[in-house]
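Student: Got a minute to walk through this one with me? I'd like to start with the strands and then poke at some side chains.

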Amino acid sequence: MKYDVAVIGGGPAGMIAAGRAGEIGSRVVLIEKNKDLGTKLLITGKGRCNITNKGDGLKEIINRFGKNGKFLFSPFSKFGVDETIIFFESKGLKTKIERGGRVFSVSNKSRDVLDVLIKYLKKSHVDVKTNS
């Protein structure tokens, strides 16, 4: 099979990138070294998966990375905190905002977050290669 796009890494960023490329018509392969996708995602936030943080503005977030953080302005202005929440909500994952602006799924289960991403890959016809 020939692919238009190869994404290396089956974490959340890789899954969203691969899913989006497939969604707009590219033939995509997602290559993950582990046997399962999203291994680290499942343990974040003590198994609850902190999806994003709402509170600080874009400039405050970028300032946390020091002078080298300026390169983040463009991507974060296109797909930032609000877009992340909208992405998951549009895929059926209800979210809530807790103390400190931390955003979690209403279910408090990181597995639900991972399931949304895996369904997105399937719907976008992404060919997933694990243990690769």
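Student: How many bridges join strand β2 to β6?

Tutor: Three: 3 bridges join β2, residues 28-31, to β6, and the two strands run parallel. Keep in mind that this is a predicted model.

Student: Which residue in β6 is the bridge partner of V29?

Tutor: That's D127.

Student: OK, and what order do the strands of the sheet come in?

Tutor: The order is β1-β2-β6, with 3 strands forming an open sheet and parallel pairing. The edge strands are β1 (5-8) and β6 (127-129), each of which pairs on one side only. From one strand to the next, the twist averages 20°.

Student: What holds strands together in general, again?

Tutor: Strands of a sheet pair through backbone hydrogen bonds, and the pairing can be parallel or antiparallel.

Student: Which strands does helix α1 lie across?

Tutor: Helix α1, residues 12-23, lies across β1 and β2. Its direction is at about 170° to β2.

Student: Now the inside. Which residues of the largest nonpolar core touch the most other members?

Tutor: Out of 25 residues in that core, those are M15, A18, L30, F88, V113, L117 and L121. At least two residues of the core come from each of α1, β2, α4 (81-90) and α5 (110-123). The largest share is from α5, with 6 residues.

Student: L30 caught my eye. What is L30 in contact with, leaving aside the neighbours within four places in sequence?

Tutor: Quite a list: V7, G9, G10, G14, M15, A18, L37, L121, V126, D127, V128 and K129.

Student: Switching to charges. How many salt bridges does the structure hold?

Tutor: It holds 9 salt bridges. One of them is between the side chains of K54 and D82, at 2.4 Å from N to O. That pair links distant parts of the chain, 28 residues apart: K54 is in the loop between β3 (52-53) and α2 (58-63), while D82 is in helix α4.

Student: Why does K54 count as partly exposed?

Tutor: Because its relative accessible area is 33%, and partly exposed covers the range between the 20% and 50% cut-offs. D82 is also partly exposed, with a relative accessible area of 40%.

Student: What about R111, which residue does R111 form a salt bridge with?

Tutor: With D115, where the closest N and O atoms are 3.2 Å apart. Both residues lie in helix α5, 4 residues apart, which is about one turn of the helix. R111 is partly exposed at 42% relative accessibility, and D115 is partly exposed at 27%.

Student: Back to D127 for a second. Which salt bridge does D127 form?

Tutor: D127 forms one with K129, and the closest N and O atoms there are 3.5 Å apart. D127 counts as partly exposed at 26% relative accessibility, as does K129 at 37%.

Student: Which residues do salt bridges with shared partners join into one network?

Tutor: R48, K96, E98 and R102.

Student: Last one: is S110 buried or exposed?

Tutor: S110 is buried, because its relative accessible area is 4%, under the 20% cut-off. S110 lies in helix α5. Not counting residues up to four places away in sequence, S110 touches L41, L42, G47, R48 and C49.

Student: So R48 turns up there as well as in the salt-bridge network?

Tutor: Yep: R48 is touched by S110, and salt bridges that share partners join R48 with K96, E98 and R102.

Conventions:
Residues are numbered from 1 along each chain as its sequence is written. This is a predicted model: local features need pLDDT of at least 70, side-chain atom pairs count only at pLDDT 80 or more; totals for chains, interfaces and linings use all residues. Side-chain values use heavy atoms; hydrogens and water are left out. Two strands pair if DSSP finds at least two bridges between them. Axes are lines fitted to C-alpha atoms, for helices over the stretch in contact, and angles run from 0 to 180 degrees between N-to-C directions. Contact means heavy atoms within 4.5 Å. A nonpolar core is a set of buried Ala, Val, Leu, Ile, Met, Phe, Trp, Tyr and Cys residues joined through side-chain atoms within 4.5 Å. Buried means under 20% relative accessible area, exposed over 50%, partly exposed in between (1.4 Å probe, protein chains only). A salt bridge is a side-chain nitrogen of Lys or Arg within 4 Å of a carboxyl oxygen of Asp or Glu.
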